[in-house]
Every structure is written in structure tokens, then in C-alpha cells.
Amino acid sequence: MDAPRATTSAPVTTGAVDHGPEPATARETTMQAIVQDRYGGPDVLELREIDKPVPKDNEVLVRVHAAGLHRGDWHVMTGLPYLIRIVVPTLGLRKPKIPVLGMDVAGQVEAVGSNVTRFQPGDAVFGWCDGSFAEYACAGEDHFTPKPANLSFEQAAAVPISGFAALQGVRDQGEVQAGQKVLVIGAAGAVGSFGVQLAKAFGAEVTGVGSTTQVELVRSIGADDVIDYTREDVTDGARHWDVILDTAGRRPLSQLRRALTPKGTLVIVGGEGAGRWLGGFTRNLRAPLLSRFVGQRLRMLASKPRQEDLQTLRELIEAGKLTPLIARTYPLGEVPEAIRQLEAGHTRGKIVIAV
Ligand SMILES: NC(=O)c1ccc[n+]([C@@H]2O[C@H](COP(=O)([O-])OP(=O)(O)OC[C@H]3O[C@@H](n4cnc5c(N)ncnc54)[C@H](OP(=O)(O)O)[C@@H]3O)[C@@H](O)[C@H]2O)c1
């Protein structure tokens, strides 16, 4: 039996005589995608031919040109720490519920559902979805916004998920104000490199923390000062910051508090490398509890994709205040290699998959 045709629910009128639906060839209804049937390392990922998604009434089908890769994809691929299989509804307990990996997406609208009003075929968009490591991806129209005019598809795909984390960390949890001193730990990474630029855009004086090879890069994205953590301990109590955005290193809360001003704000974003059950989440959970008993504000970030934040990011990009850093671009078939690079740490901005 033929698979259903993956065409627009609101067909584009060409003015030509309608001879009825053409027979669907396999290639029109299928696509290449990176698929996983089980949790594990990069070896569980396979490039396969699967059914092309069909947009529902409120959905947009995008021809993916590029997809950003970030730590969240690694967590989805491995199902680690186990805690996320319980708290994230789209993850299965024993195997992934959504077989295609990838969340960040940039591409061109291929087809739209009948209730979609903001987009039409051909529009260049960026946003988030489930399953962007594929030739086509589908999501509600509120997941997309027009691609910034000054970015390539690859640059645009680097923005959404890490950009949301940085924006919500700096603006909502950090409440960064002009003139404040802000420390960004993991300043060359996906979230950190946006965090440095956003804190600068909010008028802060920014210090970035990274390893020796990242110092120049962190300075180049606008940090006023850079600390090489392999040579200097940022938490030795010699210097203090109003806001700390902590994305890497898993320094204990007690240590991070030494680098905060007495009424300062610590935002725990994340950090890799802890146990298989809770991962780095113990700090995220402990921070708000401890915050009740101390003068400093200790907060955890649980970032969420939001349409209004996607628009804010686009405006900042078009105003020249935010530029995504691309560490390296890989073709779709090399997602496992891309993830191995991510696993090695020391990322500089975002790794992008060109489709
Ligand atoms: N809470 C949320 O909502 C949320 C959202 C997004 C991401 N996250 C989490 O946030 C963390 C960061 O994500 P990401 O995508 O930005 O990761 P990433 O791209 O891998 O960046 C991490 C950066 O930290 C640096 N780093 C490593 N060890 C360090 C140390 N000891 N001190 C200072 N810097 C160090 C790395 O390079 P160098 O070592 O070379 O400097 C790298 O540039 C991850 O754990 C991720 O899961 C949380």
C-alpha cells in the first residue's frame, strides 16, 4: 500500500488544469533522517529512509537546510541521566518515543496546514521541532519565525535552543541590569557564547571563563575580561560578581557563592559529567532550596522554547547585538561524528548539521 502523500494541506494554486493527484513516488513520501531505536552512544544513530512527516492543520512542514546540535540532543540520544526519562514527557522509559533526533531547525517552508496563517511555501524560517536531523521536519506554526535576514541557514539553526537558555538565564533568572558585573562560566560554549553577548547587550560588564584556547574567542564575542580557568580559580574570593551564569565545570554551590556579591544572583544552567541517575541536576535542585537561607539568590534554569523569545533573539541578531558562533558543520550522514566532537567538550559555539 502506498504511504499517504506528504503534500500541503493548503495546496499552492498554479492556475494549471487539475488532473487529480499524481501517483506518489517513494521519494516524494520518504526522506533521509537520523534515526535511533534505542538509547546509547553515537553508534545507535542510523541514517535511514523513513516517511516524510505530513503537517496537521496548525503545522508547518519545513525543508530542513540546517539543524543545530547541542547538549540536549546528547541527553536525548543517551537517555542520560535516567531522571530525564521520567521528567521529560517526550522521552520513553526504555527507548526513545521520538525516533528522529534534533531540535534546532532552519529551512524553507515546504507546505502548510489549513489553519496556518503566518507562513506560506518558500518562506525562510528558523525555530524548534522534534526531529530536525532529517530532510523535512514538522511543527506548529508558533515554533517558527522568519529567519534573520543577516544569517545563513546554518547560522540561524545554531540559535534557538541555546539562545533560549542564554536569554532566559540572563534576563529572567539573572535579571541582569546595565552596569552590573556578570561572570559567564563556559563562555565559549553554546549557551555561554550567547550568554556573554546577551549580558553585554543588556549593558553589563562581562567576564567570561574558558580554557586557554578559548580566551581570544571569548574576548572576540565581547567579553570585557576573560579568565582562563586552567590558570586561575575564579572562585578564590578575590573578585566578586553581581550575577554568575554557570554553564560548565560543576563547581560546588559553596565555591560559586564565594565569587558572588552579598546580594548577588547565581544562575545554575548546567554542567556535564556527573552520575547516570541525576547527572549534574543535584546542583540545580539544591540551589533554590539553599537560596531560602542565604542573602544571595541561587537559582536554577529550566529553559523553555517560546515564540516571543525566538522573536527577541531574531531582533537582537538583526540589530547586530547577537551573532551565533559555528564550531563546525557536518553533513547529515555524519551526525555520529558531530556528537563525538560534542562529547569531547571544549566546544566553541555550536556544531551544525547541514542537510
Ligand atoms: N537548564 C537548562 O535549561 C539548560 C539549557 C541548555 C543547556 N543546559 C546545560 O548547560 C550546559 C552547557 O550547555 P552547552 O550546550 O553550552 O555546552 P557546551 O557547548 O559543551 O559548552 C560548554 C563549555 O564549557 C567549557 N568548559 C568545560 N569545562 C569547564 C570548566 N571547568 N570551567 C569553565 N568552562 C568549562 C567548554 O570549553 P573549555 O573547557 O575549552 O572552556 C565549553 O566551551 C550543559 O550541561 C547543558 O545540558 C541547561
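## Helices α5 and α10

In this predicted model, six residues of helix α5 meet helix α10: Pro160, Gly163, Phe164, Leu167, Gln168 and Arg171. Their partners in α10 are Asp309, Leu310, Thr312 and Leu313. By character, the residues of this contact divide into five nonpolar, three polar and two charged.

Helix α5 spans residues 160–173, and helix α10 spans residues 307–318. The two pack at an angle of about 90°, and their axes lie 10 Å apart. Angles of 65 to 115 degrees count as roughly perpendicular, so α5 and α10 are roughly perpendicular to each other.

## Two domains and their contact

The domain assignment of the protein chain gives two entries. Domain 1 is made of residues 12–159 together with 324–354, while domain 2 covers residues 161–301. Taken over C-alpha atoms, the centres of domain 1 and domain 2 are 29 Å apart. Domain 1 gives 21 residues to the contact, and domain 2 gives 22 residues.

The size of an interface is often expressed as the accessible area lost when the parts come together. Between them, domain 1 and domain 2 bury about 1800 Å². Of this area, 62% is on carbon and sulfur atoms. On the domain 1 side, the residues that lose the most area to domain 2 are Tyr82, Leu325 and Arg348. Together these three account for 30% of what the domain 1 side buries.

## Thr207 in strand β9

Strand β9 runs over residues 205–210 and includes Thr207. The relative accessibility of Thr207 is 4%. Buried means under 20%, so Thr207 counts as buried.

With neighbours within four places in sequence left aside, Thr207 is in contact with Val182, Leu183 and Val184, among others. The rest of its list consists of Asp225, Ile227, Arg239 and Trp241.

## Ala124 in strand β5

Ala124 belongs to strand β5, which covers residues 124–128. Its relative accessibility is 27%. This value falls between the 20% limit for buried and the 50% limit for exposed, and Ala124 therefore counts as partly exposed.

Outside the neighbours within four places in sequence, Ala124 is in contact with Gly107 and Gln108. Other contacts of Ala124 are Thr145, Pro146, Lys147 and Phe153. Arg63 is 61 residues from Ala124 along the chain, and the C-alpha atoms of these two residues are separated by 9.6 Å.

Terms used
Residues are numbered from 1 along each chain as its sequence is written. This is a predicted model: local features need pLDDT of at least 70, side-chain atom pairs count only at pLDDT 80 or more; totals for chains, interfaces and linings use all residues. Side-chain values use heavy atoms; hydrogens and water are left out. Axes are lines fitted to C-alpha atoms, for helices over the stretch in contact, and angles run from 0 to 180 degrees between N-to-C directions. Helices (H or I, at least four residues) and strands (E, at least two) are DSSP runs, numbered from the N terminus. Angles under 35 degrees count as roughly parallel, over 145 as roughly antiparallel, 65 to 115 as roughly perpendicular and the rest as oblique. Contact means heavy atoms within 4.5 Å. Ala, Val, Leu, Ile, Met, Phe, Trp, Tyr, Cys and Pro count as nonpolar, Asp, Glu, Lys and Arg as charged, and the others, Gly among them, as polar. Buried means under 20% relative accessible area, exposed over 50%, partly exposed in between (1.4 Å probe, protein chains only). Domain bounds come from an automatic or database domain assignment. Buried area is the accessible area (1.4 Å probe) that two parts lose on being put together, summed over both.
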